[in-house]
Each structure stands twice: as structure tokens, then as C-alpha cells.
Amino acid sequence: MAGVRTDRLVAVLLLLQRREQVTAAEVARELEVSERTARRDLDALAMAGVPVYSVQGRGGGWRLVGGARTDLSGLTASEARALFLVAGPAAAATPAVKAALRKLVHALPEPFRVQAEAAASSLVMDPQRWGSSRIEHRPPRFLDELQDAVIRGVQVRLGYVDREGAETERTVHPLGIVAKGPSWYLVSGTEAGRRTFRIDRVSSVDSTGDPVHRPEGFDLAESWREIADEVDRRRTPLEVRAVCTPEGIGKLRMGLGDRLEVGGSTVDGRIEVVIRGYNEYALAGELAGLVEWLEVTGPPGVRDQLASIGNALTERYG
């Protein structure tokens, strides 16, 4: 809540700088909050040292000391970009705060406006981890430099160490940053097409100053969904066909997540499903505890593994 409150206070300050005077009702309408909340935010700005004061009586309201509206020239390019990161799809701010900040983008000086808007679409947050990893990572070393390149739209020479430890250098066109669980990725255009780089494997970043060639209609969130789907398919190449009782579908969803695809009903009222996994042995082990609701129909290798597990259980506990 503290983060959302701070974002809202910044939005109020921008509104004050854009207009000569505002009332609590106008602030409430712009930010989609109550008048009581708007008055509390205006008071909080004054208490925080912002030179804002209230004018009493008919035609009164709130003003900045000095009266005249400003062009926000005191706001640096970096501050403007940081501000509009809270308005992007990855931000944790409320929809009302995001909407207010977007409405106020035209209050920025022209040189900052493009980069501020770019900041709002430069980052995607994907909270789902790959697999079952629970390792936490600090933000990687070159995260700020790469996000700066995305926002400014400039190419970079990227030093990169692959999973085998081989280091290469290449020029890439940064298109966006994705946080996947605790890991960070750079989505880029390269001579070989669109590629994704783990930012914790980046060893150097040098801006070339040349403009990024951004594909027409590129959408970072959509691009990441395609990338994540492809990675999931590679991590779970095996598909198992099965039928499940209706009451067992919820248990499958809890245990298998997005590795489960639910199909139509069969003549006996059960439901067709497809389950993805890494190999026959591992997937049979997962499904063995679901035999009360699930019948695997193929491939034969998984059925054989399940039979073997059943025989072993019978020998030990029968």
C-alpha cells in the first residue's frame, strides 16, 4: 500500500504542476479516489515539504507556491521514465493510479514524453517460475543499463556467457525486459532473429547509439507468451493421453498446473485430458497417485511404467 500511495502522491503533484490550481474534487475525479482521500494526499504533500498551499473560500483550491504552472522542467529524463514505469502493465499500482499517470503524460516536456511512454511498456512481470526452482536472485548487474537501452531505443554490444561457459559478443536490438520469477531476461532482435538472453549471464553492455529496429506491431507481453510456451514445450516434450472423472479434474489442475489440457467429455461421462511431462518414468510417478480418478490411455510406455509402479507397491505393501 505504501508504494501505491507514493505513486498517487506523484500523480497529484503532476496535476498541480500542470494546472494553476486544483480542488480536492478535481483531484478525486482525475485519480478516481474519494474527496477525503484527495484532501489527505494534498495535506501529505505539504507535510512532505512540497511547496503547496490551500486557498480558502469561493473559487479556492490548492496551488504550488509561485502560482504559475510549470512545464515540469525540474523533472529529469530518468525521473520521468521511472515515474511512468508505475503506469505499465507490469506495475503493482492500482488501475486508478495507472490511468491517472497516463492521463498526465502530456504534462511532460516534449523531449521526455516519448521515453516516459516507452518506459510504460518496457517491462513484463511473469511471476510463474520455471519448474520448481526456489532459488532467489538479486537483480542482475546490467539490468539498469539494458532497461535504459530499451527505453531509449538504442542498440547495444552485448557480452554474453552461455550455459557451457563460452563467452561471445554481439550487437542486439533491445526490445523489452521480462522478470520471470526470480530471473530476468532481455528480449532482443538479432541478425538471427528474435532471441532471449538471461541478464545474469550478460558480461558487458555498451551502447552503440544506433536506433533499434523494432518490428511493426511488436508487443512485449505477447512475444513473451510465445517464448514461454515454446520453452515449456521443450521442457515437457512428452504428451500423455488420459480420461479423468469430473471430480478429479480439480485435483489434476492443482497438481499439474498449465501442463494439463482439458478436452471434451466421453460417452461414459469422463473427460479427455492431455498431460505434458519430461519423460515416461517421471510422469508415471506423478500420475500414480491419481489412479482413483485417472486412466492413462497412451502412450504404452507410460502405462507400462504405471503397471511397474503398481507391482512394486503390491509387493511391498500387499
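Here is a walk through this structure, which is a predicted model.

Let's start with the whole chain. There are eleven helices and twelve strands to find your way around. The chain has 318 residues, and buried ones make up 42% of them. If you take the contacts with a separation of 6 or more, 62% of those are between residues 24 or more positions apart.

Begin with two helices, α2 (24-31) and α3 (35-47), which have a loop between them. What should you look for when two helices pack? Two packed helices are described by the angle between their axes and the distance between the axes. For α2 and α3, the angle is about 110° and the axes are 8 Å apart, so these helices count as roughly perpendicular to each other. On the α2 side, the contact is made by Ala24, Ala25, Val27 and Ala28, and α3 brings Glu35, Ala38, Arg39 and Leu42. Sort the residues of this α2–α3 contact by class and you get six nonpolar, two charged and no polar ones.

The loop between α2 and α3 is also worth a stop, as Glu32 sits there. Most residues other than glycine have a negative phi, and most peptide bonds are trans. Glu32 has a positive phi instead, near 60°, and it is not a glycine.

Now move along to helix α7, which spans residues 143-152 and includes Leu143. Is Leu143 buried or exposed? Its relative accessible area is 9%, under the 20% cut-off, so Leu143 is buried. Leaving aside residues up to four places away in sequence, Leu143 touches Ile177, Trp184 and Ile199. Take Trp184: it is 41 residues from Leu143 in sequence, yet their C-alpha atoms are 8.0 Å apart.

Next come two strands, β6 (residues 183-190) and β7 (residues 193-198), which pair in the antiparallel sense over six bridges. Together β6 and β7 make a hairpin, with two residues between them. To pick out one of the bridges, find Leu186 and look across to its partner in β7, Phe197.

Further on there's an open sheet of four strands. Read across it and the order is β10-β11-β9-β12, with antiparallel pairing. Which strands stand at the edges? They are β10 (260-265) and β12 (294-298); each has a single partner strand, so one side of each is left without a neighbour in the sheet. From one strand to the next, the twist averages 30°. Inside the sheet, β9 (residues 238-244) and β11 run antiparallel and are joined by seven bridges. One pair to look for is Val243 with its bridge partner in β11, Glu272. While you're looking at the sheet, remember that in a regular strand the side chains alternate between the two faces of the sheet.

Stay with β11 (residues 271-277) for a moment, since Arg276 lies in it. You might like to check how much of this arginine shows: at 9% relative accessibility, Arg276 counts as buried. Not counting residues up to four places away in sequence, Arg276 touches Asp232, Thr236, Leu238, Glu239, Asp258, Arg259, Glu261 and Leu283.

Another arginine, Arg235, is found in helix α8 (residues 220-235). Arg235 has 39% relative accessibility, so it counts as partly exposed. Along the chain, Arg235 is 44 residues from Asn279, but the C-alpha atoms of the two are separated by 9.9 Å.

That leaves the last stretch of our tour. From β12 the chain goes through a loop to α11, and Pro299 lies in that loop. The peptide bond leading into this proline from Gly298 is cis, with omega near 5°. Helix α11 then lies across β9 and β12, running at about 135° to β12.

Helix α11 (residues 300-317) also meets helix α10 (residues 280-287): their axes come within 9 Å and cross at roughly 55°. The two helices are therefore oblique to each other, and the crossing is right-handed. In this contact, Glu280, Tyr281, Ala284, Gly285 and Leu287 of α10 meet Gly301, Val302, Gln305, Leu306 and Ile309 of α11. By class, the residues here divide into six nonpolar, three polar and one charged.

Technical notes
Residues numbered from 1 in each chain as written. Predicted model: local features only at pLDDT ≥ 70, side-chain atom pairs only at ≥ 80, totals over all residues. Heavy atoms only, no water. Pairing = 2+ DSSP bridges. Axes fitted to C-alpha atoms, helices over the stretch in contact; angles between N-to-C directions. Parallel < 35°, antiparallel > 145°, perpendicular 65-115°, else oblique. Left-handed = near helix turned anticlockwise from the far one by under 90°. Contact = heavy atoms within 4.5 Å. Nonpolar A, V, L, I, M, F, W, Y, C, P; charged D, E, K, R; others polar. Buried < 20%, exposed > 50% of the residue type's maximum accessible area, 1.4 Å probe, protein only.
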